[in-house]
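Biologist: I have a structure here that I have not seen before. Could you walk me through it?

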Amino acid sequence: SRRVNVQGVCISPINYDSACAAVLSAIRAGSKGYVCVTGVHGVSEAQDDPAFREILNRAFLVTPDGMPMVWYGKAQGHSISRVYGPTFMLKMCELSVSEGLTHFFYGGGDGVADKLRDNLCSRFPGLKVVGTYTPPFRPLNSGERESLATRISDLKPDMIWVGLSTPKQERFMQEYLPQLETKVMVGVGAAFDFHAGLVPQAPSWMQAIGMEWFYRLCKEPRRLWKRYLRNNPLFIGRTLLHTLRLRRYKLPDDQPFP
């Protein structure tokens, strides 16, 4: 009853305060879990990939990253606000200073994670970033996997932030969380580039009306045109079918998050 059904994907009916509180509570309790920051792109990818949909639906939290997730939630009677990945990252970094939490940044291109660390530590004095890792643009080989596990074992960060884009980052978190000595992993994609100062964010008014995708498309057309011009019309079509009760989407009965 406390889940938002967005085309078969379980979105958490939360806001920034409840999302941060849930993560802090999990860390204090020593629980392990991963957080998926999900919008239209993630939901659309899940339609064609049941395994990926299961990864989303097994997450500790699936935050409503895009306004369509919020609109779905309100239409289903939930109290819900947008929990935008880059902003969620800033709020957790700010809270973690007084909590003494430690962070590790995994992802981005060459030098991005280091620049991200420098910028956030400057913005939040006292922030503890214990390490960064820039992975290759391929799956890690056995030696790299062992090296990463050893490094994380030595550092034991409370949170690992993953910036690999969807669905790569969600698959990475689901696979690696049991292997790494950390508590919470959060996939935030473009937040690495935003907070490293490499890519500008959409104005707040465009975010509020659900047009951030258009801003990003204009900024990076070569990389993003296929994602948005394919997924957005399909999402709208599926929403229409669902609204007209011509198609139904079921959620898993044993979905674990609140």
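**A first salt bridge**

Modeller: Glu 99 and Arg 28 form a salt bridge, with 2.6 Å between the closest N and O atoms. Glu 99 belongs to helix α5 and Arg 28 to helix α1 (residues 16–29), so the pair links distant parts of the chain, 71 residues apart. A salt bridge here is a side-chain nitrogen of Lys or Arg within 4 Å of a carboxyl oxygen of Asp or Glu. Helices (H or I, at least four residues) and strands (E, at least two) are DSSP runs, numbered from the N terminus.

Biologist: What should I know about the model and the numbering?

Modeller: This is a predicted model, in which local features need pLDDT of at least 70 and side-chain atom pairs count only at pLDDT 80 or more, while totals for chains, interfaces and linings use all residues. Residues are numbered from 1 along each chain as its sequence is written, and side-chain values use heavy atoms, with hydrogens and water left out.

Biologist: Back to that pair. Are Glu 99 and Arg 28 buried or exposed?

Modeller: Glu 99 counts as partly exposed at 35% relative accessibility, and Arg 28 counts as exposed at 56%. Buried means under 20% relative accessible area, exposed over 50%, and partly exposed in between, with a 1.4 Å probe and protein chains only.

Biologist: How many salt bridges does a search of the whole structure find?

Modeller: The search finds 11. One of them joins Arg 230 to Asp 48, with the closest N and O atoms 2.8 Å apart. Arg 230 is in helix α12 and Asp 48 in helix α2, so this pair ties together parts that are 182 residues apart in sequence. Arg 230 is partly exposed, at 38% relative accessible area.

Biologist: Any others worth a look?

Modeller: Glu 220 forms a salt bridge with Arg 223, where the closest N and O atoms are 3.1 Å apart. Arg 223 is partly exposed, with a relative accessible area of 46%. Asp 114, Arg 117 and Asp 118 are linked in a network of salt bridges.

Biologist: New topic, pockets. What volume does the largest pocket have?

Modeller: About 1,100 Å³ of space lies in the largest pocket. A pocket is found on a 1 Å grid over the protein atoms alone: it is an open set of points where a 1.4 Å probe fits, with protein on both sides within 12 Å along at least five of seven lines, and lining residues have an atom within 4 Å of a point. Grid points are joined across faces, edges and corners, and the volume is the space filled by probe spheres set on the points.

Biologist: Which residues lie nearest its centre?

Modeller: Of the 49 lining residues, His 41, Asp 65, Arg 216, Arg 227 and Tyr 228 lie nearest the centre of the largest pocket. Helix α12 supplies the largest share of the lining, eight residues. Elements that each supply at least two include β3 (33–38), α2 (40–48) and α4 (67–75).

Biologist: What is that lining made of, by class?

Modeller: The lining of the largest pocket has 22 nonpolar, 19 polar and eight charged residues. Ala, Val, Leu, Ile, Met, Phe, Trp, Tyr, Cys and Pro count as nonpolar, Asp, Glu, Lys and Arg as charged, and the others, Gly among them, as polar.

Biologist: And the second largest pocket, what is its volume?

Modeller: The second largest pocket has a volume of about 210 Å³. Its lining has 13 residues, and Pro 139, Leu 140, Lys 168, Phe 172 and Tyr 176 are the closest to its centre. Helix α8 gives the most to this lining, with five residues. By class, the lining of the second largest pocket divides into eight nonpolar, no polar and five charged residues.

Biologist: Where is there a cis peptide bond?

Modeller: The bond from Thr 166 to Pro 167 is cis, with omega near 5°. Pro 167 is in the loop between β7 (159–163) and α8.

Biologist: Last one, the interior. Which residues touch the most other members of the largest nonpolar core?

Modeller: In this core of 38 residues they are Val 23, Phe 88, Met 89, Phe 105, Leu 120, Trp 161 and Val 186. A nonpolar core is a set of buried Ala, Val, Leu, Ile, Met, Phe, Trp, Tyr and Cys residues joined through side-chain atoms within 4.5 Å. Helix α1 gives the most to the largest core, with eight residues.
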